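Dear colleague,

I am passing on the structure below, together with an account of what was found in it. Please read the notes with the coordinates open beside you.

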Amino acid sequence: MVKLGNFLFHYRNVLFPVFYLLLFVPSPLLFSNSLIAAVAGFVIAFIGQLIRALTIGLIYIVRGGKDRRIYAEGLVTEGIFSHCRNPLYVGNILVIIGLGIIANSLYFLSIAVPLFIFFYQAIVRAEENFLQNKFGISFTEYMAKVNRWLPNLNGISDTLKSMNFNWQR
């Protein structure tokens, strides 16, 4: 899984836009009412973007690795990262689910979204392998306290109050 994750990380900027193109593949509808699909999808995508904005606005992180390889100068555990180890990926997943619902595409939600999540799982495994090797016990302790995917909302208001949001990021 780590090898696959490293491969996917290397090519993610080319690979992931393909998922967005899959939104246009004809498919049976999820909802007979397209307004329900649009509203529900928008809400889910908006929550995903909100998570992404809060994460980036509260703490600076170097995104994209280095030379298309996984890289980190430091272990980021503050801000939203103190509630979820992969908040940007959670946000991305919610955005893609929301867009699939807006597109009202049964095929997209039943095939593309699970594949998208599988790819992210592989990338996360590769990133965790890198972080474990680089930061050792510090990363092990962080993993023990913070869930990989499901955000723990306990103390989120304290986190938001204790940090300054940077709108430029």
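The helix names used here, such as α2, follow DSSP runs of at least four residues, numbered from the N terminus. Please keep in mind throughout that this is a predicted model.

I begin with the second largest pocket, which holds about 220 Å³ of space. Of the 13 residues that line this pocket, I51, L54, I80, L153 and I156 are the closest to its centre. At least two residues of the lining come from each of α2 (34-58), α3 (87-102) and α6 (156-162), and α2 supplies the largest share, namely 4 residues. In character the lining is made up of 12 nonpolar residues and 1 polar residue, with no charged ones.

The helix α3 also deserves a description of its own. With 16 residues, α3 spans 22 Å from its first C-alpha to its last, which is close to the 22 Å expected at 1.5 Å a residue. Because 12 of these 16 residues are buried, α3 is largely enclosed by the rest of the structure. Among the buried residues of α3 are P87, Y89, N92, I96 and G100, and the buried residues of this helix pack against α1, α2 and α4.

After α3 comes N104, which has a positive phi, near 60°, and which sits in the loop between α3 and α4 (106-135). Is N104 buried or exposed? Its relative accessible area is 6%, and because the cut-off for buried is under 20%, N104 counts as buried. Apart from neighbours within four places in sequence, the residues in contact with N104 are P28, L29, L30, F31, S34 and A37. The C-alpha atom of N104 is also separated by 9.8 Å from that of L35, although the two residues are 69 apart along the chain.

Finally, there are the nonpolar cores. The largest has 22 residues, and those with the most contacts inside it are F16, F19, Y89, F116, Y120, I123 and W149. Two or more residues of this core are given by each of α1 (2-21), α3 and α4, with the largest share, 10 residues, coming from α4. I123, taken without its neighbours within four places in sequence, is in contact with G5, L8, F9, F16, I70 and Y89. A second core, separate from this one, has 13 residues, including I59, I61, F81 and L131.

With best regards

Conventions
Residues numbered from 1 in each chain as written. Predicted model: local features only at pLDDT ≥ 70, side-chain atom pairs only at ≥ 80, totals over all residues. Heavy atoms only, no water. 1 Å grid on protein atoms, 1.4 Å probe; cavity = no way out; pocket = protein on both sides within 12 Å on 5 of 7 lines; lining within 4 Å. Points joined across faces, edges and corners; volume = space filled by probe spheres on them. Nonpolar A, V, L, I, M, F, W, Y, C, P; charged D, E, K, R; others polar. Buried < 20%, exposed > 50% of the residue type's maximum accessible area, 1.4 Å probe, protein only. Contact = heavy atoms within 4.5 Å. Core = buried A, V, L, I, M, F, W, Y, C linked by side-chain atoms within 4.5 Å. Expected span 1.5 Å × (residues − 1).
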